Amino acid sequence: MSNLLTLKTINEIKDESFYIPSYQRGYRWTPKEVQDLLDDISEFKPRFVDDTDNKTWYCLQPIVVKKKNDGQFEVIDGQQRLTTIYLILKFLSSRFRDPKKLFNLNYETRENSSSFLVNLQQNDNDNSNVDFYYISEAYRTICKWFSQPNFNINDFESKFEFDSKVIWYEGNEDDSISVFTRINIGKIPLTNSELIKALFLNSSNFDKNKSDKIRLKQLEISTEWDNIEHSLQNNRFWYFLNGTNVATNRIEFIFDLMNSEKDSSDNYSTFRFFNKKFLNKNQETIEGNWLEIKRYFQRFQEWFEERELYHKIGYLIAVDVITIKELYEKSALLTKREFRSLLDIEIKQDLDKVYLEELQYGDKKLKSVLLLYNVLTMLNNKNDNSYFPFDIFKGEKWDIEHITSITDAIPSKKEEWLNDAKVFIDITTTEGKDLKKIADNFDCNNDEEFEELFTTIVAHFNFYLKDSDINDISNLTLLDSETNRGYKNAVFPLKRKTIIDREKKGTFIPICTKNVFLKYFSAYPPKISFWTQEDRENYYEDLEVVLSNYIKKEL
């Protein structure tokens, strides 16, 4: 029997029953893709072909199927479109007291999928699994789309059912996986991970005399696959392992790490690598390779859940000292104790030529040092089980911030800067009272005089500092760029107020930066509006203590 290629209207497939096998990726159409399809069909205007009774039709792209022994059609390609077609038909049918007949859809990896689709309602929001969630979202999008005013739904229904056709390809090859792979290998939407999933869930790799065991093994791998993907969708976990790469199918990250033949010029290099591993199509090959994937994931999960490993590995990845692939490969050759020592060695080696007392504003390693200071401060608190949020850190830009104001950065918004600063002037001294009067009556239009006043006010807030070098690490801290650039070289008390206000609103302020501005390093009672010499010395001493195992203090 030869393969059958024909065109079918939506109406012609309404009596069929479809089976979505486990090697297929789950339903992942977004509201935008669903809306684009509805818009395309709505805008399509069928017309009669010259001198015939035939009309033009809207093409819905191929659906590739294979007839099963039980009469169902196994969907090899096109299940995303087919599911969306079903949902549109479901809505159109819901307008009638006696709903019209719809085709059946059964997902091998999703129990109760048929009943879920039949009972799906407009306001359902099923999060029990990722497929049901996307299907619920798609159906709500469809319902909302049809609610547009003055819309001719009968005209749409006619075009959809009778003037929209799918390219129907009915194959007869025994190996559905090979057909699925050949069809999809050139498609951009299909990823390496989805093709690799097809390799793992190919029934031909298992003993055909043990059909029940085959199904159980496929379900086991499919379930474990979903669990790994779900875990990696946790941004805390993902960005602990990665840089700023977002990624949709995050399990592919593990496959890329395993690929020892990575070719950056080939988008499907990782799939081809795994395809080679499956040349011997048998159950041992499947189970052995899947076990290796699980080892990667379990190792990463162990690192993520153990607080010391999380912080040190997270730091090393954040500052690009070593890759997660290199760490995994080295960890496989070491005991846990040796691996912990390795992490410390990697940190020390990266900062080998750094001396704390020499660090100045602008030094390349300064941001790494301040990040390490924050990470270790959090880790060293044994009474606190909190974790440094590498996901937030990697999602934002960070500046090295001067704790007290500097005089070589004249603000462009003079009046705004002056109004913000003068309210904090210390009027308990004669000099402070006089400065406040000048500031209250000052005309900001005179640039030269403003620069003189600006220098005087900065000196007022730096009164308790003995060291004029304000560019060394004892006057520097780590702050997100939005906060830092928002207050533009403000005086210390305004910086303090801004940081407190932003943290109340949910902005992540690194713990050591927060300690600085909350006067953690001050003797009691603290001089709230001033960064003092005592604060600075205590801050530097804390830097020395926390970083002592990793950074040299002096030449």
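Here a trainee and a mentor talk through a predicted model of a protein.

Trainee: Let's start with the overall picture. How many helices and strands are there in the protein?

Mentor: Good place to begin. The protein has 555 residues, and 49% of them count as buried. Among contacts with a separation of 6 or more, 71% join residues 24 or more positions apart. As for the elements themselves, the count is 24 helices and eight strands.

Trainee: Which term fits helix α2, largely enclosed or largely open?

Mentor: Take its geometry to begin with: α2 covers residues 79-93, and its 15 residues reach 20 Å from first C-alpha to last, close to the 21 Å expected at 1.5 Å a residue. Then look at burial, where 15 of the 15 residues are buried. That is why, with respect to the rest of the structure, α2 is largely enclosed.

Trainee: Where is Lys159, and is this lysine buried or exposed?

Mentor: Lys159 is found in helix α5. Its relative accessibility is 4%, and the cut-off for buried is under 20%, so Lys159 counts as buried.

Trainee: What backbone atom lies 2.6 Å from a polar atom of the Lys159 side chain?

Mentor: Leaving aside neighbours within four places in sequence, Lys159 is in contact with Ile41, Ser42, Glu43, Phe44, Pro46 and Ser164. One of these supplies the atom you want, at 2.6 Å from a polar atom of the lysine side chain: the backbone oxygen of Ser42.

Trainee: Now Asn374, please. Which backbone atom lies 2.9 Å from a polar atom of its side chain?

Mentor: Asn374 sits in helix α16, residues 366-380, and at 2% relative accessibility it counts as buried. Setting aside neighbours within four places in sequence, its contacts are Phe388, Leu478, Pro510, Ile511, Cys512 and Thr513. The partner at 2.9 Å is the backbone nitrogen of Cys512.

Trainee: I noticed positive phi values at Asn150 and Lys519. Which of the words buried and exposed goes with each residue?

Mentor: Neither is a glycine: phi is near 60 degrees for Asn150 and near 65 degrees for Lys519. Asn150 lies in the loop between α4 (130-145) and α5 (153-162), while Lys519 is in the loop between α23 (511-517) and α24 (533-547). Relative accessibility is 83% for Asn150, which therefore counts as exposed. For Lys519 it is 6%, so the word is buried.

Trainee: At what angle do the axes of helices α19 and α20 cross?

Mentor: Two packed helices are described by the angle between their axes and the distance between the axes. Here α19 spans residues 430-440 and α20 spans residues 447-461, and their axes come within 11 Å. The crossing is left-handed, and its angle is roughly 145 degrees.

Trainee: How do the residues of that contact divide into nonpolar, polar and charged?

Mentor: From α19 come Gly432, Leu435, Ile438 and Ala439, and from α20 come Leu453, Thr456, Ile457 and His460. Sorted by class, they are five nonpolar, three polar and no charged.

Trainee: One last residue: how far apart in space are Glu358 and Ile473, C-alpha to C-alpha?

Mentor: Glu358 is found in the loop between α15 (336-350) and α16, and it is partly exposed, with a relative accessible area of 42%. In sequence, Glu358 and Ile473 are 115 residues apart. In space, their C-alpha to C-alpha distance is 8.2 Å.

Note on methods:
Residues are numbered from 1 along each chain as its sequence is written. This is a predicted model: local features need pLDDT of at least 70, side-chain atom pairs count only at pLDDT 80 or more; totals for chains, interfaces and linings use all residues. Side-chain values use heavy atoms; hydrogens and water are left out. Helices (H or I, at least four residues) and strands (E, at least two) are DSSP runs, numbered from the N terminus. The expected span of a helix is 1.5 Å times one less than its number of residues. Buried means under 20% relative accessible area, exposed over 50%, partly exposed in between (1.4 Å probe, protein chains only). A polar contact is a pair of N or O atoms within 3.5 Å; within protein, one must be able to donate a hydrogen and the other to accept it, and residues adjacent in sequence count only if both atoms are side-chain atoms. Contact means heavy atoms within 4.5 Å. Axes are lines fitted to C-alpha atoms, for helices over the stretch in contact, and angles run from 0 to 180 degrees between N-to-C directions. A crossing is left-handed if the near helix is turned anticlockwise from the far one by less than a right angle, and right-handed if clockwise. Ala, Val, Leu, Ile, Met, Phe, Trp, Tyr, Cys and Pro count as nonpolar, Asp, Glu, Lys and Arg as charged, and the others, Gly among them, as polar.
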